[in-house]
Amino acid sequence: MQLTEQYRPRAFAEVVGQDKIIAKISALAKRGLAGRAYWLSGQSGTGKTTIARLIAASIADPFFVNELDAAALTVADLVEIDREMAHTGWGEKIGRAYIVNEAHALRKAVGAPPLKYIGTVAEDIRTIEDAAHVQAGRDAERTSIATWL
């Protein structure tokens, strides 16, 4: 096991340096984290994947949590994800979770369909940003996302 995995937080209370984000997620958790799409953005090493894994673990059993690399996504992958989402998971938690890492690498042809799909299926899209990214200027990234919708 890699050192980073060994010391990766396994609960929201163990996350360090992201108090605002954890507070937002805790507020959302009172209403339930399932049925939403989350866009976590920020600089490298700020805990985006860790927080995404914690959200996923709260709504889906490990067998139904899939991590995908955005650069490798194809339209065929999206069709498969759409097919899988038609069925709930089974086990203690009945949700499914898809973590798309490095979303900035989504190609427009592949990126537009999931964003449109998220917009029609999810109750709302939650954008959770870390303080460093807010200060770095998020407007350019939001503009590129908006052009896909």
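## A tour starting at Gln 18

Select Gln 18 to begin: you'll find it in the loop that runs between helix 1 (3-6) and helix 2. Keep in mind as you go that this is a predicted model. Is Gln 18 buried or exposed? With a relative accessibility of 10%, Gln 18 counts as buried, because the cut-off for that is under 20%. Now show its side chain and look for Thr 46: the Gln 18 side chain reaches the backbone oxygen of Thr 46 at 2.9 Å.

Stay in that loop and click on Arg 8, which also sits between helix 1 and helix 2. Its side chain makes a polar contact of 2.9 Å with the side chain of Glu 5. Setting aside residues up to four places away in sequence, Arg 8 touches Glu 14, Thr 49, Thr 50 and Arg 53.

Next, select helix 2, residues 19-29. Which of its residues are buried? They are Ile 21, Ile 22, Ile 25 and Leu 28. Turn the view so you look down the axis of helix 2: these buried residues fall within an arc of 120 degrees, so they line one face of the helix. If you want the textbook reason for that kind of pattern, an α-helix has 3.6 residues a turn, so residues three or four places apart point the same way. Spin round to the face turned away from the buried side of helix 2 and you meet the exposed residues Asp 19 and Lys 20.

Pick out Ile 21 from helix 2. Ile 21 is buried, at 6% relative accessible area. Then add Leu 40 to the selection: Ile 21 and Leu 40 are 19 residues apart in sequence, and their C-alpha atoms are 9.6 Å apart in space.

Time for the core. The largest nonpolar core has 17 residues, and the members that touch the most others are Ile 25, Leu 33, Ile 51 and Ile 55. Colour helix 2, helix 3 (48-59) and strand 3 (97-101), since each of them supplies at least two residues of this core. Helix 3 gives the largest share, with six residues.

Zoom in on Ile 51. Which residues is Ile 51 in contact with, once neighbours within four places in sequence are left aside? The list is Phe 12, Gln 18, Ile 21, Ile 22, Ile 25 and Leu 40. That brings back Gln 18, where the tour began.

Apart from the largest core there is another one, made of seven residues; Ala 70, Leu 78, Ile 81 and Leu 106 are among them.

Now zoom out to the whole chain. You should see seven helices and four strands, and following the sequence gives the pattern α-α-β-α-β-α-β-α-β-α-α. Of the 149 residues, 32% count as buried. Among contacts with a separation of 6 or more, 78% are between residues 24 or more positions apart. Switch on the surface and you're looking at about 9,400 Å² exposed, 58% of it supplied by carbon and sulfur atoms.

Last stop: colour by pLDDT. The chain averages 76, with 72% of the residues scoring at least 70. Where is confidence highest, and where is it lowest? Helix 3 is at the top with 94, while helix 7 (residues 139-148) is at the bottom with a mean of 39. Select residues 120-149 too: pLDDT is below 50 there, and the stretch has 55 contacts in the model beyond near neighbours in sequence. Where pLDDT is low, the predicted coordinates should not be read in detail.

Note on methods:
Residues numbered from 1 in each chain as written. Predicted model: local features only at pLDDT ≥ 70, side-chain atom pairs only at ≥ 80, totals over all residues. Heavy atoms only, no water. Core = buried A, V, L, I, M, F, W, Y, C linked by side-chain atoms within 4.5 Å. Buried < 20%, exposed > 50% of the residue type's maximum accessible area, 1.4 Å probe, protein only. Contact = heavy atoms within 4.5 Å. Arc of directions from axis to C-beta. pLDDT = per-residue confidence, 0-100. Areas by Shrake-Rupley, 256 points an atom, 1.4 Å probe, with all protein chains shown as cover. Polar contact = N/O pair within 3.5 Å; in protein donor to acceptor, adjacent residues only side chain to side chain.
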